Amino acid sequence: MYVKDHMLPKNKLTVVDIDESIGSALEKINKGDFLSLPVFDGDKFKGVLMKETIFRYYFETDSMNKANFLDGVKVKELYNEVYKSILETEIIENASYLLKEVRTPFLPVFDGKGNFTGILTHASIFNAFSEIFGLGKGTRILVNLFDIPGQLAKLTEIIRKENVNIINIAVMDAKVLDVYKVVIRVNTEDVDGLINKIDKAGFKVASVVK
């Protein structure tokens, strides 16, 4: 799963021009209920304009009235030109880590030739991982596994023999010595029968959510 599959493409973005007035930019921000917007100089991505920055600058500048501030101050005076970016061909996990580390509202996305192609937001990351984990699909079965070679293969083989389709499977550290949590989402009408088979094979089913 790649960044390009979940980013918001350039042609769907609300953007501001570097020479645009703060009043015009703030109107766009409020209309779309945004916290920030991409800043452009023509077709070139330049940085990020934060709503927080606009308000902080206004309230810290005592010598300027509201009308002069909105009409006289330009985006180029307040936007942040320092940013982290990501390539559209990178995997979504890399983007998730970068968004967390740099604490930015979005990551600008570029292609291999350095052309801006869109942005990746926190909401985009959430949707991507919801898709990865298959949220809202099938029956969720949580199984505790001992850290023994072949245990996961044994578990999936039980499910296969029951002719049950596995929608998604994720393995997580249970933070307990030699124990892992395996979350499996399956499509089956006989959930109880499948759970019974898993139990009889010696696995501990911790929870089932239909």
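Biologist: Let's start at the end of a helix: which glycine follows α7, and what is its phi?
Modeller: Happy to, and keep in mind that this is a predicted model. The residue that comes after α7 is glycine 202. Its phi is positive, near 95°.

Biologist: Which residues of helix α7 are buried?
Modeller: Helix α7 covers residues 191–200. Looking down its axis, the buried residues fall within an arc of 100°, so they line one face of the helix. On the other side, Asp192 and Lys200 are exposed. The buried residues are Val191, Leu194, Ile195 and Ile198.

Biologist: And what covers the buried residues of α7?
Modeller: The cover includes both helix and strand elements. The helix named there is α6. Next to it in the list stand the strands β8 (139–146), β10 (179–187) and β11 (204–209).

Biologist: Leucine 155 caught my eye; is it buried or exposed?
Modeller: Leucine 155 belongs to helix α6. Its relative accessible area is 0%, and buried means under 20%. Leucine 155 is therefore buried.

Biologist: Which residues is leucine 155 in contact with, leaving aside its neighbours within four places in sequence?
Modeller: One partner, valine 182, is 27 residues away in sequence, with 9.8 Å from C-alpha to C-alpha. Another partner is Ile198, which is also among the buried residues of α7. The full set is Val143, Leu145, Val182, Ile184, Ile198 and Phe203.

Biologist: Over to the helix pair α1 and α2: how are they oriented to each other?
Modeller: The two helices pack with their axes 11 Å apart, at an angle of about 135°. Angles over 145 degrees count as roughly antiparallel and 65 to 115 as roughly perpendicular, with this one in neither range, so α1 and α2 are oblique.

Biologist: What is the handedness of that crossing, and which residues of α2 make the contact?
Modeller: The crossing of α1 and α2 is left-handed. From α1, the contact is made by Ile22, Leu26, Ile29 and Asn30. From α2 (residues 51–60), the residues are Lys51, Ile54 and Phe55.

Biologist: What is the strand order in the sheet that holds β3?
Modeller: This is an open sheet of three strands with mixed pairing. β2 (16–17) and β4 each have a single partner strand, so they stand at the edges, and one side of each is left without a neighbour in the sheet. The order is β2-β3-β4.

Biologist: How do β3 and β4 pair, and which glycine in the turn has a positive phi?
Modeller: Six bridges join β3 to β4, and the two strands run antiparallel. Along this pairing, proline 38 has valine 48 as its bridge partner, and leucine 37 stands opposite leucine 49. The strands form a hairpin with two residues between them, and the residue with a positive phi of about 70° is glycine 42.

Biologist: Which strands are at the edges of the four-stranded sheet?
Modeller: That open sheet has mixed pairing and the order β1-β7-β6-β5. Each edge strand pairs on one side only. The edge strands are β1 (8–9) and β5 (86–87).

Biologist: In which sense do β5 and β6 pair, and which helix lies across them?
Modeller: The pairing of β5 with β6 (residues 106–110) is parallel, over two bridges. Here isoleucine 86 stands opposite valine 109. The helix across β5, β6 and β7 (116–121), running at about 135° to β6, is α4.

Biologist: Where is aspartate 33 found, and what is its phi?
Modeller: Aspartate 33 sits in the loop between α1 (22–32) and β3 (36–41). With 67% relative accessibility, aspartate 33 counts as exposed. Most residues other than glycine have a negative phi. Aspartate 33 is not a glycine, yet its phi is positive, about 55°.

Biologist: What about asparagine 163: what is its phi?
Modeller: Asparagine 163 lies in the loop between α6 (151–161) and β9 (165–176). Asparagine 163 is exposed, its relative accessible area being 72%. Here too a residue other than glycine has a positive phi, near 60°.

Note on methods
Residues numbered from 1 in each chain as written. Predicted model: local features only at pLDDT ≥ 70, side-chain atom pairs only at ≥ 80, totals over all residues. Heavy atoms only, no water. Buried < 20%, exposed > 50% of the residue type's maximum accessible area, 1.4 Å probe, protein only. Pairing = 2+ DSSP bridges. Arc of directions from axis to C-beta. Contact = heavy atoms within 4.5 Å. Axes fitted to C-alpha atoms, helices over the stretch in contact; angles between N-to-C directions. Parallel < 35°, antiparallel > 145°, perpendicular 65-115°, else oblique. Left-handed = near helix turned anticlockwise from the far one by under 90°.
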